[in-house]
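Let's look at a protein model together and ask how its labels are earned. Each reply sets a value beside a rule and then draws the conclusion.

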Amino acid sequence: MKAISIKEPGGPEVLEWIEVEDPRPAPGEVVVDVAASALNRADVAQRMGIYPVPPGASPYPGLEVSGRISAVGQGVTGWQVGHEVCALLAGGGYAQKVAVPAGQLLTVPKGIGLVEAAALPEAVTTVWSNIVMTGGLKAGETFLMHGGAGGIGTMAIQIAKALGARVVTTVGGVEKAARARELGADLSIDYRTQDFTEYGPYDVILDVIGGRYLQRNVRSLAVGGRLIVIGLQDGLEAQLNLAELVFKRAAVHGTTLRSRPTAQKTAIVAEVQNQVWPLIENGTVQLVIDRTLPMAEAAEAHRLMDSGQHTGKILLVNG
């Protein structure tokens, strides 16, 4: 089979479409013939050499796929060769085939095409595990999503709105602000000209930026507020006035999904299948896909993500 390899840390040009060995299913795994994968910021960080691959994971980028099961490992029940699925991965999605723990498989939601389903697993599990399972977002609370135009952001806006929250998001530009409002955001803040701290307080904040946002995030939390940091686009370090955290009885969580044990991912996937898939199937939550490109053109897809000009997910499709 072929897969996208990272020949050395660097820009999009380091991504190569090369021949590699076919995966085989270990006990408890299936092999999926990949119809499509989707880009995530973690793929960019891996390409740049600042996001190490978890032990035992595939060295190839790609944290989600859709496709058809072509092989079933020992001990797998409920899944058969030929089943159409989408899946959450620890890596390896930029390829023609990938081995997946059976507990990380999801059905393709009714009304969603097989290729389009690749846009779902990472975004939905990231959003649900962080704003619900960690952040405890409830109806009537105010939720702030930084980066509301990206794959995580467009999904978080819709899920938070479906939960009954007041939804605020930061975006860059008038067009992205309008799209966020179409998806259900009550307020879109252009981070280039507005300060999000003026529109709080917020009960739950999901932050993909990190760095200098930390202090302002905590300052804008409500009493008992929860800040969940899942990205580090603005850097690894920041200063914080601990008094603002202590006297608000607030909490700061730092989380990643990729390196969690399989058992934790299985639990998250099960909740998503039960709680979010019905919202997708009835149209409450919609896929937002910017464009699709051939898998072999992953470098071009990464250039687009680096530019920040996209809205929603970018898909890589096998021929």
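Q: What makes Lys138 and Glu141 a salt bridge?
A: The closest N and O atoms of Lys138 and Glu141 are 3.5 Å apart. A salt bridge needs a side-chain nitrogen of Lys or Arg within 4 Å of a carboxyl oxygen of Asp or Glu, so the pair of Lys138 and Glu141 earns the name.

Before we go on, a word on the source: this is a predicted model, where local features need pLDDT of at least 70 and side-chain atom pairs count only at pLDDT 80 or more, while totals for chains, interfaces and linings use all residues. Residues are numbered from 1 along each chain as its sequence is written, and side-chain values use heavy atoms, with hydrogens and water left out.

Q: Why is Lys138 called partly exposed?
A: Lys138 has 48% relative accessibility. Buried means under 20% relative accessible area, exposed means over 50%, and partly exposed is in between (1.4 Å probe, protein chains only). Lys138 therefore counts as partly exposed.

Q: Is Glu141 buried or exposed?
A: Its relative accessible area is 11%, so Glu141 is buried.

Q: How do you know that Glu182 is exposed, and what about Arg179?
A: Glu182 reaches 60% relative accessibility and therefore counts as exposed. Arg179 has a relative accessible area of 27%, so Arg179 is partly exposed.

Q: Which residues do shared salt-bridge partners join into one network?
A: Lys138, Glu141 and Arg226 are joined this way.

Q: What links Glu182 and Arg179?
A: Their side chains meet in a salt bridge at 3.0 Å, N to O. Both sit in helix H4 (residues 174-182), and because they are 3 residues apart there, about one helical turn separates them. Helices are DSSP runs of H or I with at least four residues, strands are runs of E with at least two, and both are numbered from the N terminus.

Q: What makes Glu84 and Arg68 a pair that ties parts together?
A: The side chains of Glu84 and Arg68 form a salt bridge of 2.9 Å, N to O. Glu84 belongs to strand S5 (residues 84-88) and Arg68 to strand S4 (residues 64-72), so the pair ties together parts that are 16 residues apart in sequence.

Q: Why is His310 called buried?
A: His310 has 6% relative accessibility, so His310 counts as buried. His310 lies in the loop between helix H9 (298-307) and strand S15 (313-317).
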